[in-house]
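Student: Could you zoom in on a single part of this model for me? After that, I'd like to hear how its surroundings are put together.

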Amino acid sequence: MSPFASHMNAALAQARAAALRGEVPVGAVVVAPDGRVVAQAGNRTRELSDPTAHAEILALRAACAAAGSERLPGYLLYVTLEPCPMCAAAISQARIARLYYGAADPKSGGVAQGPRIFDHPQCHHAPQVYDGINAREAGQILSDFFATRR
């Protein structure tokens with residue numbers, strides 16, 4: 001068994017890249033059971049004119065395409081911000097084994113805040129959730145981004 005290695009730095013790099021594109025700076029990384037990074041993405045909702053083009057959705061789509069399957073059992077997902085309800089539902093549908101996220105999202109979160117998607121009886125699969133990974137840095141990227149827009 002290999003020791004734990006966080007891939008949050010790669011997710012943070014995706015968030016920074018999203019900010020440079022004028023997107024809300026959220027990044028996501030999908031890691032295969034063997035430890036390989038198989039997909040990375042940052043938000044692209046404005047660029048693609050697509051409200052579903054959140055970092056998590058884009059990364060899950062790419063990982064599923066690479067795996068040739070709509071499900072990713074044993075895979076890990078690193079996200080810089082607590083997933084929204086839409087993304088949490090997609091994470092459940094993809095059967096992600098573990099979700100690691102950085103900053104909490106009291107306004108729009110769907111994991112520990114708001115609807116708590118994984119706690120619903122209708123949720124077919126709930127990943128193990130680890131929050132607060134590089135939370136300060138993830139939160140600062142978001143704060144800096146929104147400060148420049150006010």
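Tutor: Let's take helix α4, residues 85-94, whose buried residues are Cys87, Ala88, Ala90, Ile91, Ser92 and Ala94. Here, buried means under 20% relative accessible area, exposed means over 50%, and partly exposed is in between, with a 1.4 Å probe and protein chains only. Helices (H or I, at least four residues) and strands (E, at least two) are DSSP runs, numbered from the N terminus. Keep in mind that this is a predicted model: local features need pLDDT of at least 70 and side-chain atom pairs count only at pLDDT 80 or more, while totals for chains, interfaces and linings use all residues. Residues are numbered from 1 along each chain as its sequence is written, and side-chain values use heavy atoms, leaving out hydrogens and water.

So what do those buried residues of α4 pack against? Their neighbours are α3 (55-67), β3 and β4, where a contact means heavy atoms within 4.5 Å. Just past the end of α4, Arg95 has a positive phi of about 65 degrees.

Now for the strands in that list. Strand β4 (residues 98-103) has 5 of its 6 residues buried, so the rest of the structure largely encloses it. It runs parallel to strand β3 (residues 76-81), and 5 bridges join the two; strands count as paired if DSSP finds at least two bridges between them. One bridge to look for is Leu77 with Leu99 in β4.

From β3 you can step across to β1, this time antiparallel, over 4 bridges. Val31, for instance, has Leu76 as its bridge partner in β3. Strand β1 (residues 27-31) is mostly covered, with 5 of its 5 residues buried. That goes for both faces: Gly27, Val29 and Val31 are buried on one side, and Ala28 and Val30 on the other.

β1 also pairs with strand β2 (residues 37-42), in the antiparallel sense and over 5 bridges. Ala28 finds its partner there in Ala41. The β1-β2 hairpin has 5 residues between its strands, and Gly35 in it takes a positive phi near 95 degrees.

Stepping back, the whole protein has 5 helices and 5 strands, and from the N terminus on they run α-β-β-α-α-β-α-β-β-α. Its radius of gyration is 14 Å, close to the 15 Å that the globule rule gives for 150 residues, so the protein is as compact as a globular protein of that length. That radius is taken over C-alpha atoms, and the rule is 2.2 Å times the number of residues to the power 0.38. Along the principal axes, the C-alpha atoms fill a box of roughly 45 × 30 × 30 Å.

Buried residues make up 43% of the 150. Of the contacts with a separation of 6 or more, 56% involve residues 24 or more positions apart.

For a counterpoint, try Ser143 in helix α5 (residues 135-147). At 41% relative accessibility, Ser143 counts as partly exposed. Its C-alpha atom lies 18 Å from that of Ala55, 88 residues away along the chain.
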